[in-house]
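Trainee: I would like to learn how enclosed space and a bound ligand are read from a model. May we work through an example?

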Amino acid sequence: KEKVEITKAQRALMKVIVDAYNRHKIPQDVAKKLLQDQYSAEENFLLLTEMATSQVQVLVEFTKNIPGFLSLNHEDQIALLKGSAVEAMFLRSAQVFSQKMPNGHTEVLEERIRKSGISEEFMTPMFNFYKSIGELHMIEEEQALLTAITILTPDRPFVKDQQAVERLQEPMLEVLRKLCVLQHPQEPQYFARLLGRLTELRTLNHYHAEMLTSWRMNDHKFTPLLCEIWDVQ
Ligand SMILES: CCOC(=O)[C@H]1CN(C(=O)c2ccc(F)c(F)c2)CC(C)(C)c2c1[nH]c1ccccc21
């Protein structure tokens with residue numbers, strides 16, 4: 001039986017990541033607004049673009065607090081942010097969506113999201129992902145570490161010094177592995193299940209690119225920041 005222990009240094013790293021993550025929790029006010037009143041599809045879409053824009057700003061602040069990130073090559077910092085922005089958005093969405101809400105609110109929220117001018121074919125994989133994240137009942141340390149691990153994915157397009165990114169990602173993976181063993185002793189495969197979600201998350205990149213095309217068809221407007229990060233012309 002492996003005796004797992006988180007070292008002082010690992011605890012310090014985890015604290016930095018969790019504090020950064022909590023300082024930048026996206027305001028839930030957009031979700032509340034969506035729940036409050038019945039809006040038109042256009043108004044829902046506008047609320048969602050507002051939510052996405054503030055999430056990108058939050059993501060940049062969180063990323064800057066990842067130890068070592070600001071010492072990476074500057075172009076690589078941008079490549080990591082652009083490469084992980086959509087995945088971080090869906091990971092955060094899943095966490096917001098699977099939070100305990102008063103009875104019936106989750107269903108109302110799902111229904112409002114479905115009525116925001118997004119093609120049905122993308123909703124199924126998206127809500128399946130939200131449910132698979134919800135079933136994990138992640139604690140905030142796991143959520144924060146998983147988000148940092150997603151951002152520090154070495155094989156994003158245009159990353160030049162992949163080894164430098166690996167050197168930052170590996171300690172995060174090791175802390176998360178230990179945390180999973182300590183947090184879920186009855187479930188030795190829990191860490192593997194978490195990483196499996198990151199694979200599922202990558203498939204959502206593809207759906208998001210497709211969504212963008214369909215939104216552009218119906219001339220949906222985006223903010224300058226979203227155009228930049230989502231490569232919308
Ligand atoms: C955390 C930041 O997330 C977003 O901004 C997502 C939110 N998305 C959600 O499913 C979602 C989850 C929980 C909620 F409480 C909620 F309100 C929405 C996914 C998507 C519908 C694809 C989207 C977002 N922003 C957009 C902008 C334009 C078009 C589509 C989206």
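Trainee: How many cavities of 30 Å³ or more are there?

Mentor: A cavity is a set of points on a 1 Å grid over the protein atoms alone where a 1.4 Å probe fits but cannot get out; lining residues have an atom within 4 Å of a point. By this rule there are 2 cavities of 30 Å³ or more. This is a predicted model, in which local features need pLDDT of at least 70 and side-chain atom pairs pLDDT 80 or more, whereas totals for linings use all residues. Residues are numbered from 1 along each chain, and side-chain values use heavy atoms, without hydrogens and water.

Trainee: What is the volume of the largest cavity, and which residues lie nearest its centre?

Mentor: The largest cavity has a volume of about 420 Å³. Its lining comprises 25 residues, with Leu 48, Met 51, Met 89, Ser 93 and Tyr 130 nearest the centre.

Trainee: Where does the ligand sit?

Mentor: A molecule sits in a cavity if more than half of its atoms lie within 2 Å of the grid points. Here the ligand sits in the largest cavity.

Trainee: Which polar contacts does the ligand have with Leu 48, Ala 52 and Ser 93?

Mentor: A polar contact is a pair of N or O atoms within 3.5 Å. A ligand nitrogen atom lies 3.2 Å from a backbone N or O atom of Leu 48. Ligand oxygen atoms feature in two further pairs: 3.1 Å from a backbone N or O atom of Ala 52, and 3.0 Å from a side-chain N or O atom of Ser 93.

Key
1 Å grid on protein atoms, 1.4 Å probe; cavity = no way out; pocket = protein on both sides within 12 Å on 5 of 7 lines; lining within 4 Å. Points joined across faces, edges and corners; volume = space filled by probe spheres on them. Polar contact = N/O pair within 3.5 Å; in protein donor to acceptor, adjacent residues only side chain to side chain.
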